[in-house]
Amino acid sequence: MNYTKAIINQLEEVFSVYSNAIIAMEKDGIPQWDEIYPDKAIIKEDIEKAQMYIGTENEKIAVCFVLNTECDEEYKNGKWSFPDSNFCVIHRLCVSPEFQHKGIAGKTMNYIEELCKENGFDSIRLDCFTKNPYSIKLYNKAGYSVTGYADWRKGRFELREKKL
């Protein structure tokens, strides 16, 4: 897997990964994302801010994710175990349906953790949709603890954290 920051001429391909993932999640009964979120404008902004990463295999995008230090107001609902840590936040982790169930999300989490360490972060925070069993399994296996909950338009999300 080759990880790089996405560039603006990859916008359509990145958006296609998310669009196809939404279709696959709907088939699995996971109503996490839709045409409102994440939309093309959000993904374009992620790329323009140089926060969107992609992992490619055979010149195809297999995984996309955003890393930054921004979090929604609802993150205040977390009882963070490391409240004073220098943390990074993972947003919109998405494996292309054609690459799912091949361990790519786990490998990507390892890459993210190493990247965060290299950039001086000592913990990672994220949110996980409570009706997405694949994400729950991924984050449990990777050692992310539930610290609280946030309720957004699509339902309840776990707030999670891991010390690096």
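Proline 38 sits in the loop between helices H1 and H2, and in this predicted model the peptide bond that leads from tyrosine 37 to proline 38 is cis, with omega near -5 degrees. To see what is unusual here, it helps to recall that most peptide bonds are trans, and that most residues other than glycine have a negative phi.

The second half of that rule has its exceptions in this chain as well. Helix H2, which covers residues 40-48, is followed by alanine 50, and the phi of alanine 50 is positive, near 60 degrees. Alanine 50 belongs to the loop between H2 and E2, where it is partly exposed, with a relative accessible area of 33%. Glutamate 59 is not a glycine either, yet it has a positive phi of about 65 degrees; this residue lies in the loop between E2 and E3, and at 78% relative accessibility it counts as exposed.

Between these loops, helix H2 itself deserves a closer look. Which residues of H2 are buried? They are Ile43, Asp46 and Ile47, and, seen down the axis of the helix, the buried residues fall within an arc of 95 degrees, so they line one face of H2. A general property of helices helps to make sense of such a pattern: an α-helix has 3.6 residues a turn, so residues three or four places apart point the same way. The buried residues of H2 are covered by elements that include H1, E2, E3 and E4.

Several of these elements are strands, which brings us to the sheet. It is an open sheet of 7 strands in the order E1-E2-E3-E4-E5-E7-E6, and its pairing is mixed. Strand E1 (2-5) and strand E6 (145-152) stand at the edges with a single partner strand each, so one side of each is left without a neighbour in the sheet. From one strand to the next, the twist averages 30 degrees. In general, the strands of a sheet pair through backbone hydrogen bonds, either parallel or antiparallel. At one edge, E1 and strand E2 (residues 52-57) run antiparallel and are joined by 4 bridges, and there threonine 4 stands opposite isoleucine 54 in E2.

Helices pack on this sheet. Helix H1 (residues 11-27) touches E2, strand E3 (60-68) and strand E4 (87-95), and its direction makes about 95 degrees with that of E3. Helix H4 (residues 133-141), in turn, lies across E4, strand E5 (123-129) and strand E7 (155-163), and runs at about 155 degrees to E5.

Two single residues can round off the picture. Threonine 147 lies in strand E6, and the question is whether this residue is buried or exposed. Its relative accessible area is 9%, and because buried means under 20%, threonine 147 is counted as buried. Apart from neighbours within four places in sequence, threonine 147 is in contact with Asn77, Gly78, Lys79, Trp80, Leu159, Arg160 and Glu161.

Cysteine 71, by contrast, is found in the loop between E3 and E4, and it is partly exposed, with a relative accessible area of 33%. Leaving aside neighbours within four places in sequence, cysteine 71 is in contact with Phe87 and Val89. Its C-alpha atom is separated by 8.6 Å from that of leucine 126, although cysteine 71 and leucine 126 are 55 residues apart along the chain.

Definitions and conventions: Residues are numbered from 1 along each chain as its sequence is written. This is a predicted model: local features need pLDDT of at least 70, side-chain atom pairs count only at pLDDT 80 or more; totals for chains, interfaces and linings use all residues. Side-chain values use heavy atoms; hydrogens and water are left out. Two strands pair if DSSP finds at least two bridges between them. Helices (H or I, at least four residues) and strands (E, at least two) are DSSP runs, numbered from the N terminus. Axes are lines fitted to C-alpha atoms, for helices over the stretch in contact, and angles run from 0 to 180 degrees between N-to-C directions. Contact means heavy atoms within 4.5 Å. Buried means under 20% relative accessible area, exposed over 50%, partly exposed in between (1.4 Å probe, protein chains only). The arc is that of the directions from the helix axis to the C-beta atoms.
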